Amino acid sequence: MAKKNNKGFSLIEIVVAIAILTLLVTPIINQLAQTVKVNRRSKLQQYVNDNASKFMEDVKSKTATELDASYSKTAYTKTCSLVDESGTAIANVTYHASKYDAGVVSLGSDKERYTKVAYLDDLPYVVSSKTFSGNCYRVKYDATSADVLSGYSLADDGSIVKYDADGFPTSIVCQSATETINNPNELKIGNMTDLDSSRVAIIPGIASNFDKEAEAKYYSMAMEYLKTNAYETWKQAMLHKENDNVLNSVNFVNSLKKLTKVYINEITVDGKKAYEVAVDVYYYSGYDYFKSMNPLVEYEPYYQVFKMDECPAVYLEYQPFTVDVKNEASGKVVSYAVDDYLMVENYVDGARVYLYKPVSDEMKVVGARGDSSTYGRTGVNFYQSSEATSTGKVRICLSRGSDSQCKQFDVYTNISNDIFNVDLTTSSAPDAFKQTSSKKGVGNINMASVDSSWLHTVKDDEGRDAKFSAVRVEMINQDKDGYKVILTGAKGDN
C-alpha cells in the first residue's frame, strides 16, 4: 500500500513567509495610517478655518456696542510711529484699539483647544484722515517679502509692521496718497449714501415732504366748503388760474402748520428683540374754510422693523416747510414757514436721531430782507423764513411725546442750535398738535418740552460704529505651541 505524504511547512518556512508578508504589508499599513492622519489634520484645519471665518464675520457684522456685550473686551489708546517705504520717520499718531477675547473652543476628534481673539484698531483711518507736514499718506497694504524693512514683519494683510506686546501696531510703513479721506465728525453731513439701511433708519427729505400733497388736499377741502356755503364763489374758483388759487391768501399761509413725528419703539418678532421706526407727517390749518371740518391732514411715509440687538440710529434729512414757491428767471425762490415742528416719541434707551441738512441746496432762501443767501455758505447755516424780523430764521420747535413712558433721546445736527425752540410754553404750536390718543404711532401727537441738553452738534457724536476699523482674528492652538490661524479684514458698520 502506498504511504501518504503528510509533511507540512517547517518552522523556518513559516517564519520566512511571515517576514516576507510583513515586509509587503507594512508600507501599506503605514500609508493607510498616514492617510488617516492627514485626513484628520485636514479636517481639523478645515474646522479651524471655518471657525475663524465665522468669528470674523461675527465681528464685522456686530456694532461696537454689540461686540462689547458679546465678548470680553480690553480697550487701549496706542501710539504708533509712521515711517515711509525707506524707513524714514513721518510722524507719531495716537489711535484707539480693542481686543476681544471670545474664549476657548475645542475642535476635531482630538478636541484640540483654540483660543479665539479679535484685534480691532482705527489706525488706518487715523493715518488716512490726517496730513503730515502737508503730505497725505495711507498704510501700505500691497507689500511683498522683498519690501520688508529690518526689524519689521510682513503681516497677513500685506502691511509691514511692528507689533507691541498686546498685539497692536507700534510702527507701520505708509506710502504717499493723493488726498485724505473725509472725517464724518468734522463735516456737515452731505448725504446718506454710505449708510446701511438694514441697520439704521434712513429718512430722506422727500420722504417726509408732503407740502404739495397737503396743499392739494386743503384745496379740495376748500372747494367742498365753497360749494356748500358760497356757491357763486365756488363757480368762480373753478375757473381760477394757477396764481389765483382760492388758497392764495396770507391768512391761509400763516394758519398752516406742519409737524414731523419720529416714533421709536422696542417690539418682539419671532420671540426676539426688534425695533420699529415710523415717521408721521401732520399738517394743520386754522383757516376759516376748515373750521367746520377736521383741519388735520396726516401721512405715514416711513415704517420699518429692525431685527437687531440695539436701537437703530435714525437719520432724518431736514427739509423745512415750504409755504410759497415762486418761479423766477433767477431760479426757485422759496418762502418757508416761521415755525417748523419736530417731535420724537421714543420708548427705548439710547435712541439717537441725526437731523441734518445736506450741504447743497437747490433753492434760494429769500427772507424779509430780500437777500438770497444759500444755506451752507459761510455764515449762513440756517433757513430764512418770510417772518418780518431782522433775523428771519426758521425756528425748529423740537418736542417729545408727553407719555410718561417716553424716554430721553439725543439729537445730533449740523444746523445752528440757536434756532431750535425746545420749550413748548413759548411756541405757537396749535392745539391740534397737542391732542391725546391712546394709539402709539399715527395719531398720537401729544407733545411736551425737551431738555436742551439732549441737543448736540454733529461733532459731539463720537460715531464709533461708523468709523473704519482694521480687524485681525487669531485662532491660537493651546495644545500645539506656536500654531495659529490668522484672518484679516475691515469693518465699518455704516
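1. **Helices and strands.** A helix or a strand here is a run of residues assigned by DSSP, with at least four residues for a helix (H or I) and at least two for a strand (E), numbered from the N terminus. By that definition, this protein has six helices and 25 strands. Please keep in mind as you look around that the model is predicted.

2. **The whole chain.** The protein has 494 residues, and 45% of them count as buried. Its accessible surface is about 26200 Å², with 49% of that belonging to carbon and sulfur atoms. Now take the contacts between residues at least 6 apart in sequence: 68% of these join residues at least 24 apart.

3. **A five-stranded sheet.** In which order do the strands of the open sheet of five lie? Reading across, the order is β9-β13-β17-β20-β23, and the pairing is parallel. The edges are β9 (201-203) and β23 (455-457), each of which pairs on one side only. On average, neighbouring strands in this sheet are turned by 20° against each other, direction ignored. It may help to recall that strands of a sheet pair through backbone hydrogen bonds, either parallel or antiparallel.

4. **A closer look at one pairing.** Within the protein, β17 (residues 351-356) pairs with β20 (residues 409-413) in the parallel sense, over five bridges. To find your place on screen, start at R352, which stands opposite D410 in β20.

5. **Strand β3 and its partners.** Follow β3 next, as this strand has two pairings worth tracing. With β2 (residues 89-107), β3 pairs in the antiparallel sense over nine bridges. The two form a hairpin with four residues between them, and in the turn G108 has a positive phi of about 80°. With β24 (residues 469-477), β3 again pairs in the antiparallel sense, here over eight bridges. T115 is a handy marker: V104 stands opposite T115 in β3, and T115 also stands opposite I476 in β24. Why is β3 described as largely enclosed by the rest of the structure? Because nine of its 10 residues are buried.

6. **Just after β3.** D122 sits in the loop between β3 (112-121) and α3 (123-128). Is D122 buried or exposed? D122 counts as buried because its relative accessibility is 8%, and buried means under 20%. The side chain of D122 reaches the backbone nitrogen of H96 at 2.8 Å.

7. **Aromatic pairs.** How many aromatic pairs does a search of the whole structure find? The search gives 10. One of them is F55 with Y71, an edge-to-face pair with 5.6 Å centre to centre and 80° between the planes. This pair links distant parts of the chain, 16 residues apart: F55 belongs to helix α1 (residues 11-61), and Y71 lies in the loop between α2 (64-70) and β1 (72-83). Both F55 and Y71 are buried.

8. **A pair beside the sheet strands, and a cluster.** The rings of F409 and W454 have centres 5.2 Å apart and planes at 65°, so this pair is edge-to-face. F409 is in strand β20 and W454 in the loop between β22 (447-448) and β23, so the pair links parts of the chain 45 residues apart. F409 counts as buried because its relative accessibility is 1%, and W454 is buried too, with a relative accessible area of 13%. Elsewhere, ring pairs link Y76, Y119 and F168 into a cluster.

Definitions and conventions
Residues are numbered from 1 along each chain as its sequence is written. This is a predicted model: local features need pLDDT of at least 70, side-chain atom pairs count only at pLDDT 80 or more; totals for chains, interfaces and linings use all residues. Side-chain values use heavy atoms; hydrogens and water are left out. Two strands pair if DSSP finds at least two bridges between them. Axes are lines fitted to C-alpha atoms, for helices over the stretch in contact, and angles run from 0 to 180 degrees between N-to-C directions. Buried means under 20% relative accessible area, exposed over 50%, partly exposed in between (1.4 Å probe, protein chains only). Contact means heavy atoms within 4.5 Å. Accessible areas come from the Shrake-Rupley method with a 1.4 Å probe; for residues, only the protein chains shown count as cover. A polar contact is a pair of N or O atoms within 3.5 Å; within protein, one must be able to donate a hydrogen and the other to accept it, and residues adjacent in sequence count only if both atoms are side-chain atoms. Rings of Phe, Tyr and Trp (its six-membered ring) pair if their centres lie within 6.5 Å; planes under 30 degrees apart count as stacked, over 60 as edge-to-face and the rest as tilted.
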